Amino acid sequence: MISKRLKTIAKFLGDKKILADVGCDHGYLIIEGFLNYNLKKAYAIDNKEKPLENCINNISKYDFKDQVEFLLSDGLEKLTDYVDVIVFAGMGGQLIIDLIEKDFHKLNDARLIIQANRNIYDVRKYLTELGYLIYDEEIVQEDGKFYEIVVFEKTDEAVIYNQNELFFGPILLEKKDATLKKKLKKDLDVLENIPYKTKEIEEKINLVKENLW
Ligand SMILES: C[S@@+](CC[C@H](N)C(=O)[O-])C[C@H]1O[C@@H](n2cnc3c(N)ncnc32)[C@H](O)[C@@H]1O
């Protein structure tokens, strides 16, 4: 059963046709992309044999299996063909940044859909400084956890985001997203319950309070 998180990521495939799913694991995102979106081709990428085997087994049950190439690869290293959308999901933000940096020339003008388990601030900062704009964002709550999904598009215009936008997401803030509000309240609760508060924690508390509506 595909999760709400993966369904939301898939929604951002929109009308894109050629996907690279980096860290594909089970392959559910690719399956959703063929069944419910316009995918014509996908590259299922993982750097470990077990998850990639799992992905091959799951995808081999479908008619579109011949439209999927499986790459045992560290990030985009083994990808040689053009893709118009790349997903990095379920990995830490720093790993995603490292993988992008390593094979930056392969991104071309592909849409990037990113769901980082940690350090989404760093990902927003890194990519927007590289000439990407934040095209859309969504935050979902599932099994008590919050997942932010951020969609980046290459742009020639200079787009500058402030610190608050990089932390909480310019579009999520603009939308006054109800799930973001829930997350911020939860974060605030956790921070305020820390018995001994360092300067850094106090600063975080203020940042969250300033952005709560
Ligand atoms: C937690 S799973 C996430 C799976 C799926 N993307 C999702 O969001 O449900 C992370 C996957 O990324 C893979 N991975 C970790 N580092 C990687 C790398 N450097 N290159 C490719 N895949 C990697 C892992 O093997 C694992 O299958």
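At what angle do helix α8 and helix α9 pack, and how far apart are their axes? In this predicted model, α8 spans residues 178-192 and α9 spans residues 199-211; the two helices pack at an angle of about 150°, and their axes lie 10 Å apart. Because angles over 145 degrees count as roughly antiparallel, α8 is described as roughly antiparallel to α9. The crossing of α8 past α9 is left-handed. On the α8 side, the contact is made by Leu-184, Leu-188, Leu-191 and Glu-192. The residues of α9 that they meet are Ile-201, Lys-204, Ile-205, Val-208, Lys-209 and Asn-211. In an α-helix there are 3.6 residues a turn, so residues three or four places apart point the same way.

Strand β1, residues 18-22, is mostly covered, with four of its five residues buried. β1 pairs with two strands, β2 and β4. Strand β2, residues 41-46, runs parallel to β1 and is joined to β1 by five bridges. Within this pairing, Ala-44 of β2 stands opposite Asp-21. The pairing of β1 with β4 is also in the parallel sense and extends over four bridges. Here Val-22 has Phe-88 of β4 as its bridge partner. Together with α2, strands β1 and β2 form a β-α-β unit, which is right-handed.

Helix α1, residues 4-11, contains the buried residues Arg-5, Leu-6, Thr-8, Ile-9 and Ala-10. These buried residues pack against one helix and several strands: α2 (28-36), β4 (85-91), β5 (111-116), β6 (132-142) and β7 (145-154). The β4 strand that pairs with β1 is thus among the elements in contact with the buried residues of α1, as is the α2 helix of the β-α-β unit.

Helix α5, residues 120-129, is likewise mostly covered, seven of its ten residues being buried. The buried set consists of Ile-120, Tyr-121, Val-123, Arg-124, Tyr-126, Leu-127 and Thr-128. The cover over these residues includes three helices, α4 (93-102), α6 (163-168) and α7 (170-175), and the strands β5, β6 and β7. Strands β5, β6 and β7 also pack against the buried residues of α1. After α5 comes Gly-131, which has a positive phi, near 100°.

Technical notes: Residues numbered from 1 in each chain as written. Predicted model: local features only at pLDDT ≥ 70, side-chain atom pairs only at ≥ 80, totals over all residues. Heavy atoms only, no water. Buried < 20%, exposed > 50% of the residue type's maximum accessible area, 1.4 Å probe, protein only. Contact = heavy atoms within 4.5 Å. Pairing = 2+ DSSP bridges. Right-handed = clockwise from strand over helix to strand, strands pointing away. Axes fitted to C-alpha atoms, helices over the stretch in contact; angles between N-to-C directions. Parallel < 35°, antiparallel > 145°, perpendicular 65-115°, else oblique. Left-handed = near helix turned anticlockwise from the far one by under 90°.
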